[in-house]
Amino acid sequence: MLHTLVLGLGRAGSGLHLRVLAKARATAPDLFHPEPVIGCDPVADTRHDLHDVITAASLDVATKLVNPQRTVVHVCTPPTTRVAVLTQLAQHGFRRAIVEKPLATGVGELREIDALRQRYGLDLVVVSHWMAAELTERIEQLVRHGELGELRSIRFTQDKPRFTRSAATHGHPTAFDVELPHSLGVVLQLAGPAEVQRAAWTDMRCPDAVLPRMGSAHLTLHHAGGVTSEISSDLTSPVQQRRIVLEFTGGQVTGHYPISDQDDHAQLVVDGQRHIFRDDALTRFVLRAYRHFRTPSAGGHPTLQVHRDVVRLLAEAKQRCALAAERSSSHAR
């Protein structure tokens, strides 16, 4: 059985991972060591009021509480610190980690993480609960079985107001790094490898500040099999939605992922018929990840290459946007 260490006790660590771990441990106690979860964060305020969690102020202290060789670390720190955190974990003897998305914020960081994996034998599983969601699996079956003909296009919309968190934290450099890692992984899973066709971002304009590149992100992909995907995310939207629309030669499919942890119901509309079902995808993902760690597959987790592709495509999208901004600024001068 495996111990658990949650590194980073902010919204992702305490608000999502600890809550889901409680459900996962109750569902499959054979996967988890019965001792309490260890929570580690240097910020004292984050270590208060955590039920059934032993807290530590540093990784040195946490390492004394668990056996690193028999521990899964949930890396819930900002993506801009990913390389430094994984380096520390590897040097302390940890080898298994569930890493919050994205795996890296650029191809340079990705190369450093690949080097760490090879040097220390790290087994990394990137948080990808939408890829593990029942909604995604139902859509994947429709694509595979061809009931509605061939897949032609995918449109993914991820909108939510994120003014307060964007102003308070700086771990996500652009809007591309917030929501798109989820949807991009799904479209690659459904339609296969792709290349960037178009990309754009906007600034977030708050009443008292402008946050560059944090307003919205738009990405158009052309997949090797001929499918076109369009993904958009507006972090200044007055409403929240997570919607996927797939156009087939013989019909249309619309899926709605659960909006938040407040309700775990998904919806799927096929040929005008609406299906509503429970879809606690994050708990499902965590259970699958721990089963993988108990009996790891050769070459690492099967979704790792998809997440490497996600990093590469998002890096190219951000580079295109930056070059477009430079040209626009040069013309304005």
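## Salt bridges

A salt bridge is a side-chain nitrogen of Lys or Arg within 4 Å of a carboxyl oxygen of Asp or Glu. The structure shown here is a predicted model, and a search of the whole of it finds 15 salt bridges. Some of them are described below.

Asp114, Arg117 and Arg308 are linked in a network of salt bridges. Within this network, Asp114 pairs with Arg117, and the closest N and O atoms are 3.1 Å apart. These two residues lie three positions apart in helix H4 (residues 107–120), so about one helical turn separates them. Are Asp114 and Arg117 buried or exposed? Both are buried; the word applies to residues with under 20% relative accessible area.

## Bridges between distant parts of the chain

Asp280 forms a salt bridge with Lys23, with 2.8 Å between the closest N and O atoms. This pair links distant parts of the chain, as the two residues are 257 residues apart. Asp280 sits in the loop between strand E14 (273–278) and helix H9 (281–294), while Lys23 belongs to helix H1. Asp280 has a relative accessibility of 26% and therefore counts as partly exposed. Lys23 is also partly exposed, because its relative accessible area is 32%.

Another bridge joins the side chains of Arg278 and Asp264, at 2.7 Å from N to O. This pair, too, links distant parts of the chain, with the two positions 14 residues apart in numbering. Arg278 is in strand E14, and Asp264 is in the loop between strand E12 (251–256) and strand E13 (265–270). Arg278 counts as exposed because its relative accessibility is 54%, and the cut-off for that class is over 50%.

## The second largest pocket

The second largest pocket has a volume of about 190 Å³. Its lining consists of Leu18, Leu21, Ala22, Arg25, Pro36, Val37, Leu50, His51, Asp52 and Val53. Which element gives the most to the lining of this second largest pocket? Helix H1 (residues 11–27) does, with four residues. Helix H1 is also the helix that holds Lys23, the partner of Asp280.

Sorted by class, the lining of the second largest pocket has seven nonpolar residues, one polar residue and two charged residues.

## The cavity

How many cavities of 30 Å³ or more does a search of the whole structure find? The search finds one. The largest cavity has a volume of about 40 Å³. Around it stand Leu86, Leu89, Ala90, Phe94, Arg95, Arg96, Ala97, Leu122 and Leu124. Helix H3 (82–91) and strand E5 (96–99) are the elements that give two or more residues to this lining. Of the elements, H3 gives the most, with three residues.

The residues lining the largest cavity divide into seven nonpolar and two charged, with no polar residue.

## A nonpolar patch on the surface

Ile54, Val61 and Leu65 form a nonpolar patch on the surface. Together they have about 220 Å² of accessible area. Val61 is placed in helix H2 (residues 59–63). Where does Val61 fall between buried and exposed? Val61 is partly exposed, because its relative accessible area is 38%.

Technical notes
Residues are numbered from 1 along each chain as its sequence is written. This is a predicted model: local features need pLDDT of at least 70, side-chain atom pairs count only at pLDDT 80 or more; totals for chains, interfaces and linings use all residues. Side-chain values use heavy atoms; hydrogens and water are left out. On a 1 Å grid over the protein atoms alone, a cavity is a set of points where a 1.4 Å probe fits but cannot get out, and a pocket is an open set with protein on both sides within 12 Å along at least five of seven lines; lining residues have an atom within 4 Å of a point. Grid points are joined across faces, edges and corners, and a volume is the space filled by probe spheres set on the points. Ala, Val, Leu, Ile, Met, Phe, Trp, Tyr, Cys and Pro count as nonpolar, Asp, Glu, Lys and Arg as charged, and the others, Gly among them, as polar. Patches are made of residues with over 30% relative accessible area and no salt bridge: like charges are joined within 9 Å, nonpolar side chains (Val, Leu, Ile, Met, Phe, Trp, Tyr) within 5 Å. Accessible areas come from the Shrake-Rupley method with a 1.4 Å probe; for residues, only the protein chains shown count as cover. Buried means under 20% relative accessible area, exposed over 50%, partly exposed in between (1.4 Å probe, protein chains only).
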